[in-house]
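Reader: Please show me the structure and take me through it with a few questions.

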Amino acid sequence: MKPKILVTRAIFPKIIEYLSAHFDVEDNQSDEVYNDAELMRRLQGKAGVFANPSHKFASELFNACPDLKAVCTMAVGFNNIDVPAATSAGIMVTNTPDVLNETTADFAWTLMMAAARRVSESERYLRAGQWQKSKYDDLLGRDVHGSTLGIIGMGRIGRAVARRSMGFNMKVVYHNRTRLTPELEVAANHAQYLALNELLRTADHVILVLPYSPAVHHLIGAEQLALMKPTATLVNIARGGIVDDAALIAALKAGQIATAGLDVFENEPALNPEFLTLKNVVLTSHIGSASVSTRDAMAYCAADNLISALSGERPANLLNATAFKS
Ligand code: DGY
């Protein structure tokens with residue numbers, strides 16, 4: 001008998017087929033977003049789950065699902081999964097790193113360029129029929145080339161963001177939990193390590209690329225925004241909760257910073273409605289990794305992790321080594 005698994009949300013049909021060669025699959029191609037009780041009910045008797053960031057996996061769920069052996073999320077971020085609790089319950093947890101580095105770095109640049117050069121604002125102006133004649137100071141933005149790029153979180157995606165700055169003649173400063181090796185700093189366009197506050201004072205464009213954890217909740221709040229240049233751009237492609245959204249809205253309204261490009265929000269998808277009233281912000285719907293080839297690669301990566309986990313092989317992207325029993 002094949003092991004039973006649950007796929008929590010809709011996914012490419014070919015992935016359901018791929019998984020079905022190994023498992024008895026319960027899918028959710030109608031893409032209903034299960035509440036916690038429904039998720040728990042559907043996980044009864046399941047050995048594995050193909051998950052994504054829309055559900056929380058915590059100890060209560062693990063305790064109620066004694067057959068569960070693996071939670072394999074189709075995302076690099078895994079702040080929705082209590083990994084220590086999974087480890088205590090002997091459940092393997094995997095994510096999908098690396099395959100999305102370049103696509104997500106591209107998107108950080110998309111938001112930085114769009115916000116700094118007021119792309120969304122210009123499009124709204126044009127679509128509203130307001131472009132009757134051109135004027136010398138229409139929608140003046142800030143240059144990206146030749147400016148100082150500040151990256152907070154210098155993991156693989158942060159370094160991919162930094163590498164792209166070489167062609168733009170930019171200086172790169174960064175802040176990270178630990179300083180990079182000299183070799184990695186050189187590869188990241190000679191990035192210079194700075195303390196957080198110093199980076200915020202120095203950078204023209206700040207990009208957040210760090211993983212969420214309670215330790216970085218509201219890392220960027222009113223106090224930090226007050227340190228930034230009034231001409232600065234803030235980009236968040238990381239996770240909601242790293243930025244205090246109410247404080248950011250106040251800073252954008254007051255002109256404390258010039259603009260923001262945001263792909264992630266507190267309580268998404270129900271973002272703070274005040275964002276919608278602001279001109280100086282570019283808003284996207286958590287699509288940082290959403291290219292055709294990258295979402296495909298992420299889906300196969302999560303599926304392969306699940307196949308390994310339930311066939312006694314160590315999954316390539318295991319986050320809790322001690323949960324693996326060979
Ligand atoms: C990730 O992979 O963590 C992306 O943010 C998609 O959720």
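The questions below deal with the ligand and then with the sheet; the model is a predicted one.

Reader: Which residues surround the ligand, and how many of them are charged?

Author: The shell is made up of P53, A75, V76, G77, L100, R239, H286 and M298. Five residues of the shell are nonpolar and two are polar. The number of charged residues is one.

Reader: What percentage of the ligand's exposed area does the protein bury?

Author: Backbone N or O atoms approach ligand oxygen atoms at two residues: V76, at 2.7 Å, and G77, at 2.8 Å. R239 has a side-chain N or O atom 2.7 Å from an oxygen atom of the ligand. Taken alone, the ligand exposes 230 Å², and the share of this that the protein buries is 88%.

Reader: Which strands stand at the edges of the sheet?

Author: The open sheet has seven strands with parallel pairing, in the order β8-β7-β6-β9-β10-β11-β12. An edge strand has a single partner, so one of its sides has no neighbour in the sheet. The strands in that position are β8 (192-193) and β12 (281-283).

Reader: Which residue of β7 does G150 stand opposite?

Author: Strand β6 covers residues 148-152 and strand β7 covers residues 171-175. The two pair in the parallel sense over five bridges. Opposite G150 in β7 is V173.

Reader: At what angle does helix α5 run to β10?

Author: Helix α5 (residues 101-116) packs on the sheet and touches β6, β9, β10, β11 and β12. Its direction and that of β10 make an angle of about 150 degrees.

Reader: Which strands does helix α7 lie across?

Author: Helix α7 spans residues 156-163 and runs at about 175 degrees to β6. The strands it lies across are β6, β7 and β9.

How values were computed. Residues numbered from 1 in each chain as written. Predicted model: local features only at pLDDT ≥ 70, side-chain atom pairs only at ≥ 80, totals over all residues. Heavy atoms only, no water. Near = heavy atom within 4 Å. Polar contact = N/O pair within 3.5 Å; in protein donor to acceptor, adjacent residues only side chain to side chain. Areas by Shrake-Rupley, 256 points an atom, 1.4 Å probe, with all protein chains shown as cover. Nonpolar A, V, L, I, M, F, W, Y, C, P; charged D, E, K, R; others polar. Pairing = 2+ DSSP bridges. Helix = DSSP H or I, 4+ residues; strand = E, 2+ residues; numbered from the N terminus. Contact = heavy atoms within 4.5 Å. Axes fitted to C-alpha atoms, helices over the stretch in contact; angles between N-to-C directions.
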